[in-house]
Amino acid sequence: MIKIDRCPTAPSSLAVEKQKVNGIYNKPDVINQLKQDSNDKCYICELGGLSDPQVEHLKPHHGRKLLNRVFDWNNLFYVCPHCNNIKKEAKYDDKIIDCCTDDPEEKLEQCYEDGHVKVHSIVNEECAVMTAELIQECFEKSNTGIRKVACQHRIDRLAESMNILYKTLENHKKYPEKERYIRSLKLALSRRSAFAAFKRNYVRKHISDYPDLEQFLS
């Protein structure tokens, strides 16, 4: 999970649909704006290029009993079906970091080690603890066959992304004067890139080896 800059202006369909008995909160203008704001990534696992995105409510509306939450632009997020399904568990209700107002990197450490994802909170806050558990489960929970496949897909894509980062860092260390490696690392460490939280955390933990990359982590 990474910090997201949400468009301050709500898509126009939300106000219109809220007046209807069975209004829809995921009209095309909502989806398109969320896709743009989220850099076409699931806000939980950061898998990019979603072919089947969903619009998710950060704070649940409990079957439209809390109607304001249904159409609240600040409560809508771009998510993949896999993560959305896991987050629906009641234990996560009202306990997940709002990554549009808070920076998850200040509350979580998200690591990829030995083919597995390890996420833990670095602050003593319930939302950080539960968000860490959610992200961990979205990569590692394999209690059903479908979830096992979905988790492995995310692990595989993350591994590919991290391996590219490792190779680029190695080349940068050998040839620090070559601009192409610096440009590649700037893109890789941008919050816009897939699995940015994991890549940025890795470089942050090894910043003594790459002090010139500190500028890309701000």
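Helices are DSSP runs of at least four residues, numbered from the N terminus. In the predicted model described here, Phe198 belongs to one of these elements, helix H8. Phe198 counts as buried because its relative accessibility is 2%, where buried means under 20%. Leaving aside neighbours within four places in sequence, the contacts of Phe198 are Gln110, Cys111, Tyr112, Val117, Phe139, Leu158 and Met162. The C-alpha atom of Phe198 is also separated by 8.2 Å from that of Glu109, although the two residues are 89 residues apart along the chain.

Phe195 is placed in the loop between helix H7 (179-188) and helix H8 (196-205). With 3% relative accessibility, Phe195 is likewise classed as buried. The phi angle of Phe195 is near 55°, a positive value in a residue other than glycine. Both Phe195 and Phe198 appear among the contacts of Phe139. Beyond its neighbours within four places in sequence, Phe139 also touches Cys45, Val117, Cys151, Arg154, Ile155 and Leu158.

Phe139 has a further role in the description of the nonpolar core. The largest such core holds 57 residues, and Tyr43, Ile44 and Phe139 touch the most other members. Helix H5 supplies the largest share of this core, namely seven residues. In soluble globular proteins, nonpolar side chains tend to be buried together.

The packing of H5 was examined next. Helix H5 (residues 126-140) packs against helix H6 (residues 145-174) at an angle of about 95°, and the two axes are 6 Å apart. The angle means that H5 is roughly perpendicular to H6, since values of 65 to 115 degrees are placed in that class. On the H5 side, the contact is formed by Glu137, Cys138, Phe139 and Glu140; on the H6 side, by Cys151, Arg154, Ile155 and Leu158. Five of the residues in this contact are nonpolar and three are charged, while none is polar.

Glu137, one of the H5 residues that meet H6, counts as buried because its relative accessibility is 15%. Apart from neighbours within four places in sequence, Glu137 is in contact with Ile86, Glu89, Lys91, Tyr92 and Cys151.

Two further residues of H6 differ in their exposure. Ile146 lies in helix H6 and counts as exposed, with a relative accessibility of 70%. Ile146 and His82 are 64 residues apart in sequence, and their C-alpha atoms are 9.1 Å apart in space. His172 is also located in helix H6, but its relative accessible area is 3%, so His172 is buried. The contacts of His172, leaving aside neighbours within four places in sequence, are Tyr181, Ile182, Leu185, Tyr210, Asp212 and Leu213.

Ahead of H5, Val123 occupies the loop between strand S4 (116-121) and H5. Val123 is partly exposed, because its relative accessible area is 25% and this class lies between the limits of 20% and 50%. Glu106, Lys107 and Ala128 are in contact with Val123 when neighbours within four places in sequence are left aside. Of these, Glu106 is 17 residues from Val123 in sequence, with a C-alpha to C-alpha distance of 8.1 Å.

Helix H2 (residues 28-37) contains the buried residues Val30, Gln33, Leu34 and Asp37. Seen down the axis of H2, these buried residues fall within an arc of 100°, and they therefore line one face of the helix. Pro28 and Gln36, on the other side of H2, are exposed. The buried residues of H2 pack against helix H1 (13-18), strand S1 (54-57) and strand S2 (76-79).

Asn39 follows just after H2 and is found in the loop between H2 and S1. Its relative accessibility is 22%, so Asn39 counts as partly exposed. Asn39 has a positive phi of about 60° although it is not a glycine.

Terms used
Residues numbered from 1 in each chain as written. Predicted model: local features only at pLDDT ≥ 70, side-chain atom pairs only at ≥ 80, totals over all residues. Heavy atoms only, no water. Axes fitted to C-alpha atoms, helices over the stretch in contact; angles between N-to-C directions. Helix = DSSP H or I, 4+ residues; strand = E, 2+ residues; numbered from the N terminus. Parallel < 35°, antiparallel > 145°, perpendicular 65-115°, else oblique. Contact = heavy atoms within 4.5 Å. Nonpolar A, V, L, I, M, F, W, Y, C, P; charged D, E, K, R; others polar. Buried < 20%, exposed > 50% of the residue type's maximum accessible area, 1.4 Å probe, protein only. Arc of directions from axis to C-beta. Core = buried A, V, L, I, M, F, W, Y, C linked by side-chain atoms within 4.5 Å.
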